[in-house]
Amino acid sequence: MTVTDEHPLAPHISLAPTLAEIHAEARVMAAVNQLSRGKAIILSDGIDLPTSGEIVFPAVRISTADAAFAIRHSSGFLQVALPSNRCDALLLPAQQGTAPGTAQCVTVDAATGITTGISAADRATTIRLLASSDASPASFSRPGHVVPLRADAALPMSDFGRPEAAVHLVAAAGFPPAAVLTTVVGTTDPTDVASGNDLHEFARSHQLPVVGLPDLDSEKTPLPCLHMLVDLPSGRTSLESFTDLGHNYLVLAVGEVSGREDVPVHLLPADQVLINAGSPSAEPRILIGLPQTAEDEYSRAIDGLHRQHSMIRAILRRLGCLSVVCP
């Protein structure tokens, strides 16, 4: 987002994607496309200087060769991220002794169709079974050689950890929400995990796209709590509400704002939005109703207009504005 006026209360704010956002969206798209073919990606904690990265496969499609690749280039510790409700349905509790909130569940093997459970073939069988909608608690023996991970699908995307991000990407690729994760070990120092250039070089050598956790924010599409069209004396308006960082806002677009530059944005107490919208002014504008009249709410909304990936900015983009100003 580009701010061309340094006055904090009257900026011209471009809503065009920044170069960083364009690159992040491209990395997400490349990762989803790779996963959609049943191939692996690298999921890291960042792009420029990642401290570690996970090999991620769609669990439902993993083959023996895929499992062998993951084992060979990691510590061999294969995990499968599943939504929390699926872990509950399969009776997969947290491992005994783990701290509250720890994602790791009790380890499992497929109850049938395998031998010792440790081979790449056996672990691939167990992993595919975890991704199967036909699996039940009786489908697994415990303990085993595959570690289920509990992914919290209710988290906002900005708070995703690796289990949540992996499940999200695999589901976006069209597969059941179950993802294999295993940490890449170093190529220059195999006693440590791969990081920085070492991780990028591993990805390049195996033609694996790299996507960072922060990249997922770039594709965030806010879901409005309320969306409706309202006929007022000033014309038809679009009204919706949304939540950003725990605070509820109203957004009302008066007139045609799509495709327009420098659309005025007025920050008002929520109970004044409809009153302002009914004024005879013919100027297309956007009214944002603040949850309170306190100064900190005004400042928080201004910050949201400037903050990359904020819900306010995403809503304005969805309305089709090219840029906005705060008169």
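# Salt bridges, helix α1 and the sheet

User: Quick one to start: is Arg-204 buried or exposed?

Analyst: Arg-204 counts as exposed, at 54% relative accessibility. Keep in mind that this is a predicted model.

User: Sure. And which side chain does Arg-204 meet in a salt bridge?

Analyst: That of Glu-201, with an N to O distance of 3.1 Å. Glu-201 is partly exposed, with a relative accessible area of 42%.

User: Where do Glu-201 and Arg-204 lie?

Analyst: Both are in helix α6, residues 196–205. They sit three residues apart, about one turn of the helix.

User: Why does that spacing matter for residues in a helix?

Analyst: An α-helix has 3.6 residues a turn, so residues three or four places apart point the same way.

User: How many salt bridges does the structure hold?

Analyst: Eight. One of them joins the side chains of Glu-54 and Arg-162, at 3.2 Å from N to O. Glu-54 is in strand β3 and Arg-162 in helix α5, so this pair ties together parts that are 108 residues apart in sequence.

User: Are Glu-54 and Arg-162 buried or exposed?

Analyst: Glu-54 is buried, and Arg-162 is buried too.

User: What about Glu-240, which partner does it have?

Analyst: Glu-240 meets Arg-318 in a salt bridge, 2.6 Å from N to O. Because Glu-240 lies in strand β10 (residues 235–244) and Arg-318 in helix α9, the pair links parts that are 78 residues apart in sequence. As for accessibility, Glu-240 counts as buried at 3%, while Arg-318 counts as partly exposed at 37%.

User: Which residues do salt bridges with shared partners join into one network?

Analyst: Glu-21, Arg-313 and Arg-317.

User: Glu-21 is in α1, right? Let's switch to that helix. How many residues does α1 have, and how far does it reach?

Analyst: Helix α1 covers residues 19–36, so to speak 18 residues. From its first C-alpha to its last it reaches 26 Å, close to the 26 Å expected at 1.5 Å a residue.

User: Which residues of α1 are buried?

Analyst: Glu-21 from that network is one of them. The others are Ala-24, Val-28, Ala-31, Val-32, Gln-34 and Leu-35. They cover an arc of only 165° around the axis, which puts them on the same side of α1.

User: And which residues are exposed on the other side?

Analyst: Leu-19 and Met-29 are exposed there.

User: What do the buried residues of α1 pack against?

Analyst: Three strands, β2 (41–44), β3 (53–58) and β8 (210–212), plus two helices, α5 (162–172) and α9 (311–318). α1 lies across β2, β3 and β8, and runs at about 125° to β8.

User: What comes after α1?

Analyst: Gly-38 follows α1, and its phi is positive, near 80°.

User: On to the sheet. What's the strand order?

Analyst: The order is β5-β6-β4-β7-β3-β2-β8, in an open sheet of seven strands with mixed pairing. β5 (108–110) and β8 stand at the edges with a single partner strand each, so one side of each is left without a neighbour in the sheet. On average, neighbouring strands of this sheet are turned by 45° against each other, direction ignored.

User: How many bridges join β5 to β6?

Analyst: Three, and the two strands run antiparallel, with β6 taking in residues 140–151.

User: Which residue in β6 stands opposite Ala-110?

Analyst: Phe-140 does.

Conventions. Residues are numbered from 1 along each chain as its sequence is written. This is a predicted model: local features need pLDDT of at least 70, side-chain atom pairs count only at pLDDT 80 or more; totals for chains, interfaces and linings use all residues. Side-chain values use heavy atoms; hydrogens and water are left out. Helices (H or I, at least four residues) and strands (E, at least two) are DSSP runs, numbered from the N terminus. The expected span of a helix is 1.5 Å times one less than its number of residues. Buried means under 20% relative accessible area, exposed over 50%, partly exposed in between (1.4 Å probe, protein chains only). The arc is that of the directions from the helix axis to the C-beta atoms. Contact means heavy atoms within 4.5 Å. Two strands pair if DSSP finds at least two bridges between them. Axes are lines fitted to C-alpha atoms, for helices over the stretch in contact, and angles run from 0 to 180 degrees between N-to-C directions. A salt bridge is a side-chain nitrogen of Lys or Arg within 4 Å of a carboxyl oxygen of Asp or Glu.
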